[in-house]
Amino acid sequence: MMTPEELERKKKKEEKAKEKELKKLKAAEKAAKFKQQQSDSSSASKKKKNSSRRDASAVDDNPLDYEDPPTDFGQKKLLSAQMAKQYNPTAVEKSWYAWWEKSGYFVADANSSKPPFVIVLPPPNVTGALHIGHALTAAVEDTIIRFKRMSGFNALWVPGVDHAGIATQVVVEKKLMRDHHLTRHDLGREKFVSEVWKWKEEYGGTILKQLRRLGASLDWSRECFTMDDKRSRAVTEEFNRLYKEGLIYRDIRLINWDCTLRTAISDVEVDYVDIKERKLLTVPGNKEPVEFGVLTSFAYPLEGDLGEIVVATTRLETMLGDTAVAIHPDDPRYSHLHGKFAIHPFNGRKLPIICDAILVDRNFGTGAVKITPAHDPNDFDVGKRHDLEFINIFTDDGKINSLGSEFAGMPRFEAREAVKEALQKKGLYRGAKTNEMRLGLSSRSNDVVEPMIKPQWFVNCHSMAKQALEVAMDGEIPRLEFIPKQYLAEWKRWLENIRDWCISRQLWWGHRIPAWYVTLDDDEMKEIGSYHDHWVVARNEEDALAEASQKFSGKSFQMIQDPDVLDTWFSSGLFPLSVLGWPDDTDDLRAFYPTSVLETGHDILFFWVARMVMLGIKLGGDVPFRKVYLHPMIRDAHGRKMSKSLGNVVDPLEVINGVSLEGLHKRLEEGNLDPKELDVAKAGQKLDFPNGIAECGADALRFALVSYTAQSDKINLDILRVVGYRQWCNKLWNAVRFAMSKLDTDYTPPLTLPLEAMPLSCKWILSVLNKAIFKTVSAMNTYEFSDAASTVYSWWQYQFCDVFIEAIKPYFSGDGPAFAAERRSAQDTLWVCLDNGLRLLHPFMPFVTEELWQRLPPARGHTRKESIMVSEYPKVEDVSSSCAFLAWKNEEVEYEMDLVESTVKCLRSLRAKVLGKQKNESLFSIIIQLIPRLPAFAFCLNEDISKVITRYQLEILTLATLSSMKVLLSEKDAPPAGCAFENVNENLAVYLQAEGKVDAEAELEKMRNKMEEMQKQQEKLEKMISASGYKEKVPSHIQDENAEKLTKLFQEMEFFKKESERLEAEKSTKQ
């Protein structure tokens, strides 16, 4: 008795059989009507059986059959009845992500028995929008996490957003000024912070929404924010524990100061500009441009009528804070000044002449150096070594303070000119000259960074840095591994020279420092921070009050929390721990810490990576991740750093969706470039993107970015390469569309493949697929993502599309019994290749692979996964495999097919020469109708080669587009006359018959050149082999290889000599 499914299938077959008969009748009527075209009409009317072909369609295509029906948000995508004739990224990439997310495919289970694999997304700034660097991070990390998820791991990818203290405060301050003409001081701290939270809720996190467009399979159920309640509590705990261990302390030290924002900034927030010659720059807050790249010399009078000592500086205004002049102790020019003093010309301060061999190079300049300990890093160290006075001459907004004598109140760069004029009047100015320098600019305000001495909170990093270095250098298998390994040397160099970390910022937005200052009623100085021992650190104000009461028992006091906030890196350095619930002992922390790999750019190796490692070991008891994968930095196609002023900034969403040149210009116009910069940027865009950027889709962009990761430390991103991968998606689409057209509507894939009975082309494609799987999995496991992408691409493009699909077309040229068995084998092989090939490609291109995989029929008796993203990643098949498939590996068939491909390549090369190269002709895919088929000969020098060529005659005829091919054996047959000739290897030559097209003299010249080339190679090898010590020094396997090469050269040379003699004789006969 038939099942309902079988009855339904039978009914459909009967209906389609009727359609077939109807079409036959119509074709016959047409043939009768146009008898003069009977043969053409008869041929055209032979249709494929509608009962057995998926691409069967009505006489007139219905366009709606090629359009996807509307899909409700979060539901599984509804696919069109027919595959669209062309790939459309917009159509393909819609709906899938929402369904994946709603289905819970991204969510990891802390109680799973699967081995964990964890990545923490480097938290983008809450102010940020998706840029190409984020896209690279997302593409690489999603490729890793999808691969691991499909490979049986409990894969967790944690999303989060950084509160970005300075950046966010600046954005909101600008908004307040623009919308309400108010400053944060007008609002007050509490109301301002409230405004920032409102802005965060309304605009923050945009980038996380954009990551969805890229297909990033993040576990959104664990999304966090560095200032949410849990993360804030973790940061407070972090500060308290480090303080209790004596690793956090307060001190007056030199820091980077932003005079516009009036806060300390971290080293990573300083952008350095190399200035080669004098240059005028616009500085925020200054009316006139400021000249940099100038070294100014002036003289200090010496006490006791000893003359003067000349010094030089690029920051003339800092001489107001000079407290010494340094010389080299062995410099004879100044030996008489040891222990003497110079006199400051503006305040009369006595400046000791000190000897310092560490700082002073006596061969540079005058050999004397002015020392400003409060405003220069090197001078700060000198001040500590010599116990000098530290005099800060600047106010927080960059003006000269009261210690600057007559220059007090002047902005620092106006004071620079005023000091110069005053020195000239006193006769102490000694000139100025061009000087190369590095100028530090704040990445937040573009202001010139001012080194300033300030009381701040610091972390003593030395002991933690030692641990962070040990875990990376510990034995053959270190606990922390760097990929690429070259960054280990930089890691070592930086950690061995680490400085203490300034963690306080003079902002309102951020984690308020959990420290309270106690002012006693009987304190002489009431200013906050006046006494170092009056600070108490606690988890909250209640605990702080209790501690202060105990510490100052019996005394009356007031207590105020430090107004400063913590450096953003202090909270993001804790991120791998805090996102998993630390300091609580959570299920996530137990299951997922340490994480598996950190993937980020090498530019923040120390500012973020090192701090995470130090804090992870100290607070989490182990490294926060086992591996650190550092991707290259992205530049434009010309190798230039991306800059708005150059117009070469690439917005990933514009690449995904496409944008016109006018659209690119509009984005520039909405920015804050000045008119001149805008003109330059527009010109750059017009040069690089004259027609805008074509719509590429997320898959093509992802694949391009992952493919680029092999480029050392920089990626020169060419959008045309992304466009190329979008076109490749179309090739992929059409290949699958062709394959699907060859599968019957009732086709059911087998669980096993009868490999021995299959055609050679089927055996070959499965063997090379097996090899591609092995290479891809190996490359993915060793973080060689570019190699993995290249392997997958090469299999799809050069083996499946260009060779296999072309080779099997004869099996489907008719419905007769001639190729019935081959046809069935080809169908099964097509299905296996599509199923495995799409799963192999999925981590790189998630959208198109899901769409195509969903169209595949499931294997008989097998319930497959609902989505490709949770299906199993392909594994290398072998005899011992538990998989139902038989062994695919077949090196003999691969060797033979390599020979076939070489043969086809030579034949096609010959045809191109004798007929002229056809346009748009790829190696194995041709427009058969436009290229005449020619007869060919394969001339084999031994019987083994002859047998191989004979076995693969059909494949060669098909791929090389030949009318016929005769296999000749040198022992029995002579080479054919009147043919174009090409040598495949030392044992095989091919001939193409083209009457009247072969130029014998040209062929002879070609052979003479080839023989000359082989003669040189032969002589070079013979010289190498006969060299003294060759047998003793050269490894035996290299000797064997060289001997084999020499033998092949002798054989080829002999073959060419005979062929040359034959052609000479043929030429003489014709004359």
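Two strands pair if DSSP finds at least two bridges between them, and that idea will be useful at several stops on this tour of a predicted model.

**First stop: strand E22 and its partners**

Select residues 515-520, which form strand E22. On one side E22 pairs with strand E24, residues 557-561, in the antiparallel sense over 5 bridges, and within that pairing the bridge partner of Thr 519 is Gln 558 in E24. Add residues 535-537 to the selection to show strand E23, which pairs with E22 in the antiparallel sense over 3 bridges; here Tyr 517 has Trp 535 of E23 as its bridge partner.

Are the residues of E22 mostly covered or uncovered? The strand is mostly covered, with 6 of its 6 residues buried. If you show the side chains, you can follow this on both faces: Ala 515, Tyr 517 and Thr 519 lie on one side, Trp 516, Val 518 and Leu 520 lie on the other, and all of them are buried.

**Second stop: a sheet of three strands**

Next, select residues 294-301, which make up strand E10. This strand belongs to an open sheet of 3 strands in the order E11-E10-E16, with antiparallel pairing. The edge strands are E11 (308-313) and E16 (429-434), each of which pairs on one side only. From one strand to the next, the twist averages 20°. To look at one contact in detail, note that E10 and E16 pair over 4 bridges, and that Val 294 has Thr 434 in E16 as its bridge partner.

**Third stop: helix H5**

Now select residues 132-150, the 19 residues of helix H5, which reaches 27 Å from its first C-alpha to its last, close to the 27 Å expected at 1.5 Å a residue. An α-helix has 3.6 residues a turn, so residues three or four places apart point the same way. In H5, 18 of the 19 residues are buried, so the helix is largely enclosed by the rest of the structure. Continue past the end of the helix to Gly 152, which follows H5 and has a positive phi, near 95°.

**Fourth stop: some backbone exceptions**

Most residues other than glycine have a negative phi, and most peptide bonds are trans. The residues below depart from one or the other of these habits, and it is worth centring the view on each in turn.

Begin with Ser 95, which is not a glycine and yet has a positive phi of about 80°. You will find Ser 95 in the loop between helix H3 (89-93) and helix H4 (96-102). Is Ser 95 buried or partly exposed? Buried means under 20% relative accessible area, and Ser 95, at 24% relative accessibility, therefore counts as partly exposed.

Move on to Ala 164, in the loop between strand E3 (160-161) and helix H6 (165-180). Its phi is near 50°, which is again a positive value in a residue other than glycine, but Ala 164 is buried, with a relative accessible area of 4%.

Then select Trp 582 and Pro 583, which are joined by a cis peptide bond with omega about 15°. Pro 583 sits in the loop between helix H17 (575-578) and helix H18 (587-592). Finally, select Tyr 593 and Pro 594, where the peptide bond is also cis, with omega near 0°; Pro 594 is in the loop between H18 and strand E26 (595-601).

Technical notes: Residues numbered from 1 in each chain as written. Predicted model: local features only at pLDDT ≥ 70, side-chain atom pairs only at ≥ 80, totals over all residues. Heavy atoms only, no water. Helix = DSSP H or I, 4+ residues; strand = E, 2+ residues; numbered from the N terminus. Expected span 1.5 Å × (residues − 1). Buried < 20%, exposed > 50% of the residue type's maximum accessible area, 1.4 Å probe, protein only. Axes fitted to C-alpha atoms, helices over the stretch in contact; angles between N-to-C directions.
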